[in-house]
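Student: Could we go through this model together? I would like to know how each label is earned.

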Amino acid sequence: MTAPLYKFGLFNDEVSLIVAFVIGLAFGFFLERGGFGSGRLLAAQFYFTDMRVFKVMFTAITTAMIGIFYLSWIGFLDISLIYYGNTFIYADILGGLILGIGFVIGGYCPGTSAVGISTGRIDAIVYSLGGMFGIFVFGEAYPLMKDFLNSGFMGLINIPQLLDINYGFVLFIVILMAIAGFTLVEWGENLMAKKRSES
Amino acid sequence: MINFKNWFTHYLEDNALEGELFPKFYWNPYLVGIGLGLVLLATFVIMGRGLGASGALSTVVSVVVDEVAPEHAQNNEFYKGYLGDGTESPLKDWLVFEVLGVFFGGFISGAIAGRNKIMIEKGPRISNKKRLLYAFVGGTLMGFGAKMARGCTSGQGLTGGAMLSVGGWAFMIMVFVGAYATAYFVRRQWI
């Protein structure tokens, strides 16, 4: 095992900040290339006219997932050293629901709003100010919500562990789901386009 | 003196393109997805962590609260988590630098494509003022929801999704449920 490189001490914290900036550059570049700096294009996902949010996100998740699997399989990457969030199932579900509502009302999510701002979208600036206000409200209400937030704790758990099935098998199912999903949305988009050209 | 306006193709007074979508000028979404996936994979391999975004905003909010009311911030577990032990600036944070990168990366891509434009994103049937109000309200909900779920579309969705995290997938499904359930009520804003 040689990766994650940072965890094996290949570079220090100062360098990690430069790495963060460079990774962010690539992240922002691809987000803009995909049209994710445009709130209107992002929102189109929820009116079935342009399903790029689904396509991009699912492709990205699947790509990274396959990469992790193979790099770990050949003994290069130690998955157990990768940090990701603990599951607090109730807070994850309710938080996701609230964020989803905010997404279609506001037009962005935190990452895409950064791209929206840098490409000149005034509504993205206002959205981010709202975001900071929301975080402030959360921070003030935190002591009251603490019990709820910490309920439903399941720890660091992934789907193969939850269902007690083979990691590779879950990977295979997700890939099948992705292919089925992409076929479905391509078909749906064509249907919507036809409907629009008729009206 | 640099003329910042030159970095944008159109200015606010030119709203000729308002209400029009140009998806065809963007890259193929599957290609973009593979690109983003590889960036995410590189982050896992190099750093042993995933991407994020809302965490950087939380750091900024915590720093502001700490500036205005230090005692209040220090007594709140949530803010304190982002402020650290005080030996280093809280802004010297991995996510803060990553989001700075996102900002410049988006700008560079937009500049190359000529898509940097000072404008308000909205459909043709809503006023600017109303759209900005919606943007603020949506942002507030997003900030609150992201903190409740301990991550946003980047941290929980992409990172948790790729790690097959149970919470990440539950979160992601609920984002789509929430957005689709609300879409009808704000349709005048977008279509």
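Tutor: Happily! Let's begin with a term: buried area is the accessible area, taken with a 1.4 Å probe, that two parts lose on being put together, summed over both. Keep in mind that this model is predicted. For chain B and chain A the buried area is about 10,900 Å², and carbon and sulfur atoms give 75% of it.

Student: How many residues does each chain bring to the contact?

Tutor: Chain B gives 122 residues and chain A gives 128 residues. A residue is counted there because it has heavy atoms within 4.5 Å of the other chain.

Student: What makes B:Lys92 and A:Glu14 a salt bridge?

Tutor: The rule asks for a side-chain nitrogen of Lys or Arg within 4 Å of a carboxyl oxygen of Asp or Glu. In this pair the closest N and O atoms are 3.0 Å apart, so the pair passes the cut-off of 4 Å.

Student: How do you know that this pair joins two chains?

Tutor: Look at where the partners sit: B:Lys92 is in the loop between helix 4 and helix 5 of chain B, while A:Glu14 belongs to helix 1 (residues 13-33) of chain A, so the pair joins two chains.

Student: Why are B:Lys92 and A:Glu14 called partly exposed?

Tutor: Buried means under 20% relative accessible area and exposed means over 50%, with partly exposed in between. B:Lys92 has 36% and A:Glu14 has 46%, so both values fall in between.

Student: Which salt bridge does A:Arg121 form, and what makes it one?

Tutor: Its partner is B:Glu121, with the closest N and O atoms 2.8 Å apart, so this pair too is within 4 Å. A:Arg121 lies in the loop between helix 5 (110-118) and helix 6 (122-149) of chain A, and B:Glu121 in the loop between helix 5 and helix 6 of chain B, so this pair also joins two chains.

Student: Are A:Arg121 and B:Glu121 buried or exposed?

Tutor: A:Arg121 has a relative accessible area of 7% and B:Glu121 has 4%. Both are under 20%, so both are called buried.

Student: Which residues do salt bridges with shared partners join into one network?

Tutor: A:Glu14, B:Glu88 and B:Lys92.

Student: How many salt bridges does the rule find across the interface?

Tutor: Five between chain B and chain A, while the structure holds nine over all chains. One within chain A pairs A:Asp50 with A:Arg52 at 3.0 Å, and both of these residues are buried.

Terms used
Residues are numbered from 1 along each chain as its sequence is written. Chains are lettered from A and ligands numbered from 1 in the order in which they are written. This is a predicted model: local features need pLDDT of at least 70, side-chain atom pairs count only at pLDDT 80 or more; totals for chains, interfaces and linings use all residues. Side-chain values use heavy atoms; hydrogens and water are left out. Helices (H or I, at least four residues) and strands (E, at least two) are DSSP runs, numbered from the N terminus. Buried means under 20% relative accessible area, exposed over 50%, partly exposed in between (1.4 Å probe, protein chains only).
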